[in-house]
Amino acid sequence: MEDYKKKLGGLADKLKQERPKTPIQEVMPVKAEPVPNEPEVQFNNRIPKGLLKRLETFGLEYDESLKDINIQALELYLSHKAKPEQTTKNAE
């Protein structure tokens with residue numbers, strides 16, 4: 001029993017003498033939002049539930065919002081499918 005009390009007493013003294021080690025935090029820059037150069041409008045549609053789950057998972061993994069993913073996807077789609085004159089006419 002004495003041996004146990006010595007170990008406990010030694011531990012308490014050791015904890016009092018040593019400063020607790022604080023973990024060093026890594027500073028990550030905040031992702032800057034691009035300044036919108038045109039007014040935004042609301043866009044609402046229905047998609048399959050599984051696709052939404054995949055989008056949310058992708059967004060969490062790559063630190064992107066659903067809005068940013070949608071904008072990028074629509075821009076990419078239009079750049080491949082639309083004729084060049086169609087994309088500039090409708091933008092005005």
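The following exercises, each with a worked solution, concern a predicted model.

**Exercise 1. The length of helix H2**

Determine whether the end-to-end distance of H2 agrees with the span expected for its 14 residues.

Solution. Helix H2 covers residues 49-62. The expected span is 1.5 Å times one less than the number of residues. For the 14 residues of H2 this gives 20 Å. The C-alpha atoms at the two ends of H2 are 20 Å apart, so the distance agrees with the expectation.

**Exercise 2. The aromatic pair**

Classify the arrangement of the rings of phenylalanine 58 and tyrosine 62.

Solution. The structure holds one aromatic pair. The ring centres of phenylalanine 58 and tyrosine 62 lie 4.6 Å apart, and the ring planes meet at 40°. Planes under 30 degrees apart would count as stacked and those over 60 as edge-to-face, with the rest tilted. The pair is therefore tilted.

The next step is to place the two residues. Both belong to helix H2, where they are four residues apart, about one turn of the helix. Phenylalanine 58 is partly exposed, at a relative accessible area of 38%, and tyrosine 62 is likewise partly exposed, at 48%.

**Exercise 3. The backbone just after H2**

Explain what is notable about the phi angle of aspartate 63.

Solution. Begin with the general expectation: most residues other than glycine have a negative phi. Aspartate 63 is not a glycine, yet its phi is positive, about 55°. Aspartate 63 comes just after H2, in the loop that leads to helix H3 (66-81). With a relative accessible area of 56%, aspartate 63 is exposed.

**Exercise 4. The salt bridge**

Identify which residue forms a salt bridge with lysine 67, and state where both partners lie.

Solution. A search of the whole structure finds one salt bridge. The partner of lysine 67 is glutamate 40, and their closest N and O atoms are 2.8 Å apart. This falls within the 4 Å cut-off for a salt bridge. The pair links distant parts of the chain, 27 residues apart: lysine 67 lies in helix H3, while glutamate 40 lies in the loop between helix H1 (2-17) and H2. As for accessibility, lysine 67 is partly exposed at 42%, whereas glutamate 40 is exposed at 57%.

**Exercise 5. A nonpolar surface patch**

Name the residues of the nonpolar patch on the surface and give their accessible area together.

Solution. The patch is formed by Ile47, Leu51, Leu52 and Leu66, which together have about 270 Å² of accessible area. One of these residues, leucine 66, lies in helix H3. Its relative accessibility of 33% makes leucine 66 partly exposed.

Terms used
Residues numbered from 1 in each chain as written. Predicted model: local features only at pLDDT ≥ 70, side-chain atom pairs only at ≥ 80, totals over all residues. Heavy atoms only, no water. Phe/Tyr/Trp six-rings, centres within 6.5 Å; stacked < 30°, edge-to-face > 60°. Buried < 20%, exposed > 50% of the residue type's maximum accessible area, 1.4 Å probe, protein only. Patch = residues over 30% accessible without salt bridge, like charges linked within 9 Å, V, L, I, M, F, W, Y side chains within 5 Å. Areas by Shrake-Rupley, 256 points an atom, 1.4 Å probe, with all protein chains shown as cover. Salt bridge = Lys/Arg side-chain N within 4 Å of Asp/Glu carboxyl O.
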